[in-house]
Amino acid sequence: MRSILRVSGRKIPAAVLFTALLAAGTSTAWAKKATYIRPVIQSFPAAGIQSVVIENLDGPVTVRTSQTQVIKVEILIHAAGADKTFARTLTRQLIFKPHVVVSQLRIVGHYPTRQFRNYGYPYMKAFLGFFHGTDTNQYLGQTIHVRAKGNSKSIVLWAHIRISLPPDVSIYVRNIYGNLTARCYGPAGKGLFDAFTSAGNILVYDPKWAHLNLQSDYGAVKFPRGLGVINDAKIDTHFGGTYLYLQPGATGKIYARKSLGFLHNSFTKAHFINQHGEHVMVLGDGHGPIVHIKMKVGSLHLERGVGR
């Protein structure tokens, strides 16, 4: 059955409409894009949910923990095109249907990858600078190209995902392009924050989870307000540094591996000790978070925090 869309009271086959609109969108008029944002908002009782899974192609993800019994999901689907009709219609082609499977809340973005294989993310250059933005990725079984803003081959379609949840609920984020930000409030929890982005920075403010597993292929990992209450953390960057802003009296152990980069220490008089190719630093009495850092190209920065 062919997909049918209604525009201005007329029924038009989706393939015909998109072919025409995309042709218009890649003309010289593409430089003056119209934008449209479609929200998807849902809430779920936290009781019985043990984990949340988020999968998205491009766009930022913002996580907030608090003392709450409700998991709130807000998705802002952004699209742009030569006119408002194209942008509004395009947002309808990106489908998010958050739902619970047994004890897991799943939030997965289903992009129109059969019609479109090239996507333009407007903020790509903003967080990578040097990266020119034509990349090939696998997303839900499809080969997708994500390109820089203004590329005539691509459509502009992305989503900003926001979620709030208690820190006892584990959360897994798999993102291709976009920054990941976690802002944590309320009591400590026993959950896990497991996050990956292929291109983007990961920022974690005062984490309340017990365990962290963070990975960015192109981007930095930063803790602007210290390590919070975590027991352990694993940080892996391919091209990007790690920044730990620690409060006075912070204790724990840091294990760092790097291929190309430096170890900058502006926090303590302690020094890294090389143990079989791994650089180890003991903070205070050593009791506290255990942090394993692996960087291929990037530096570790230990800095003094500026307060909470």
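In the predicted model, R162 is partly exposed, its relative accessible area being 35%. The side chain of R162 meets that of E74 in a salt bridge, with an N to O distance of 2.7 Å. This pair links distant parts of the chain, since R162 belongs to strand 13 and E74 to strand 6, 88 residues apart. E74 is likewise classed as partly exposed, at 26% relative accessibility.

The search of the whole structure returned 5 salt bridges, including the R162 and E74 pair. Another is formed by R174 and D194, whose closest N and O atoms lie 2.8 Å apart. R174 is located in strand 14 (residues 170-177) and D194 in strand 16 (residues 192-199), so this salt bridge ties together parts 20 residues apart in sequence. The two partners fall into separate accessibility classes: R174 is partly exposed at 35%, whereas D194 is buried at 10%, the limit for burial being under 20% relative accessible area. A further salt bridge joins D206 to K208, with 3.4 Å between the closest N and O atoms. Both D206 and K208 are buried.

With regard to secondary structure, the protein chain contains 3 helices and 27 strands. An open sheet is built from 10 strands in the order 3-6-13-5-15-17-19-21-27-23, and its pairing is mixed. The edges of this sheet are occupied by strand 3 (34-45) and strand 23 (263-265); each has a single partner strand, so one side of each remains without a neighbour in the sheet. On average, neighbouring strands of the sheet are turned by 10 degrees against each other when direction is ignored.

Strands of a sheet pair through backbone hydrogen bonds, in either a parallel or an antiparallel sense. Strand 15 (residues 180-184) and strand 17 (residues 202-205) are a parallel pair, joined over 4 bridges. Within this pairing, T181 stands opposite L203 of strand 17.

Helix 2 (residues 84-91) lies across three strands, namely strand 3, strand 6 (70-81) and strand 13 (156-165). The helix runs at about 145 degrees to strand 6. The loop between helix 2 and strand 7 (95-96) contains Q93. This residue counts as buried, with a relative accessibility of 15%. The C-alpha atoms of Q93 and I77 are 10.0 Å apart in space, and the two residues are separated by 16 residues in sequence.

The strands crossed by helix 2 also contribute to the largest pocket: strand 3, strand 6 and strand 13 each supply at least two residues of its lining. The space in this pocket amounts to about 170 Å³. Its lining comprises 12 residues, among which T35, A80, P122, V156 and W158 lie nearest the centre of the pocket.

Over the whole protein chain of 308 residues, 51% count as buried. Contacts between residues at least 6 apart in sequence were also examined, and 62% of them join residues at least 24 apart. The salt bridge between R162 and E74 is one link between distant parts of the chain.

Methods: Residues are numbered from 1 along each chain as its sequence is written. This is a predicted model: local features need pLDDT of at least 70, side-chain atom pairs count only at pLDDT 80 or more; totals for chains, interfaces and linings use all residues. Side-chain values use heavy atoms; hydrogens and water are left out. Two strands pair if DSSP finds at least two bridges between them. Axes are lines fitted to C-alpha atoms, for helices over the stretch in contact, and angles run from 0 to 180 degrees between N-to-C directions. Contact means heavy atoms within 4.5 Å. A salt bridge is a side-chain nitrogen of Lys or Arg within 4 Å of a carboxyl oxygen of Asp or Glu. Buried means under 20% relative accessible area, exposed over 50%, partly exposed in between (1.4 Å probe, protein chains only). On a 1 Å grid over the protein atoms alone, a cavity is a set of points where a 1.4 Å probe fits but cannot get out, and a pocket is an open set with protein on both sides within 12 Å along at least five of seven lines; lining residues have an atom within 4 Å of a point. Grid points are joined across faces, edges and corners, and a volume is the space filled by probe spheres set on the points.
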